[in-house]
Amino acid sequence: TGINAEYMGYVPTFEAFVSEAERLFAESPDQTRYVIKYRHCDAEIVLKVTDNVTVSKYKTKELPDLKNMERLNNVFLHLFTGVTEEAADMELDEIARKEKEQKKPKPKKGKK
């Protein structure tokens, strides 16, 4: 048996999708799921939020929406784990710093 969910279709704007996602999470935090799917054949990203009753989707091919997705991911990280947004941002900055340090070329040891 499948999930009998009220399908809302694709939301027209990213802001409307975020608003709907936050509403779904506020109403049923234990049931809400957030899915990101990249469709290579169409070169588009599909975001989906559902609480098993309502399904809301947003799709985009626009590069600026990737920054918005990052912001939304941070919001969900905060909501799902209880980690503050500031702590999540600090953790991401720390990871980026470590990755940058690892990419720095090490000095070569030369012959004397």
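Q: How much area does the chain expose, and what share of it do carbon and sulfur atoms supply?
A: The chain exposes about 8,500 Å², with 54% of that supplied by carbon and sulfur atoms. Areas like this come from the Shrake-Rupley method with a 1.4 Å probe, and for residues only the protein chains shown count as cover.

A quick word on the ground rules. The model is predicted, so local features need pLDDT of at least 70 and side-chain atom pairs count only at pLDDT 80 or more, while totals for chains, interfaces and linings use all residues. Residues are numbered from 1 along each chain as its sequence is written, and side-chain values use heavy atoms, leaving out hydrogens and water.

Q: What makes up the secondary structure of the chain?
A: There are 3 helices and 4 strands, running β-α-β-β-β-α-α from the N terminus on. These are DSSP runs: H or I over at least four residues for a helix, E over at least two for a strand, numbered from the N terminus.

Q: Why is alanine 43 called partly exposed?
A: Its relative accessibility is 41%. Buried means under 20%, exposed over 50%, and partly exposed is what lies in between (1.4 Å probe, protein chains only), so 41% lands in the middle class. Alanine 43 sits in the loop between β2 (33-39) and β3 (44-50).

Q: What is notable about the phi of alanine 43?
A: Phi is near 55°, a positive value in a residue other than glycine. Most residues other than glycine have a negative phi. Asparagine 52, in the loop between β3 and β4 (54-60), also has a positive phi, about 70°.

Q: How do you know which exposure class asparagine 52 belongs to?
A: Its relative accessible area is 24%, and therefore asparagine 52 counts as partly exposed.

Q: Why does aspartate 51 have no salt bridge?
A: A salt bridge needs a side-chain nitrogen of Lys or Arg within 4 Å of a carboxyl oxygen of Asp or Glu. The nearest side chain of opposite charge, arginine 23, is 6.1 Å away, so buried aspartate 51 misses that cut-off.

Q: What makes the approach of aspartate 51 to serine 28 a polar contact?
A: The two side chains come to 3.4 Å. The rule asks for N or O atoms within 3.5 Å; within protein, one must be able to donate a hydrogen and the other to accept it, and residues adjacent in sequence count only if both atoms are side-chain atoms. The aspartate 51 side chain also reaches the backbone nitrogen of threonine 54 at 2.7 Å.

Notes: Lys and Arg count as positive and Asp and Glu as negative; His and the chain ends are not counted.
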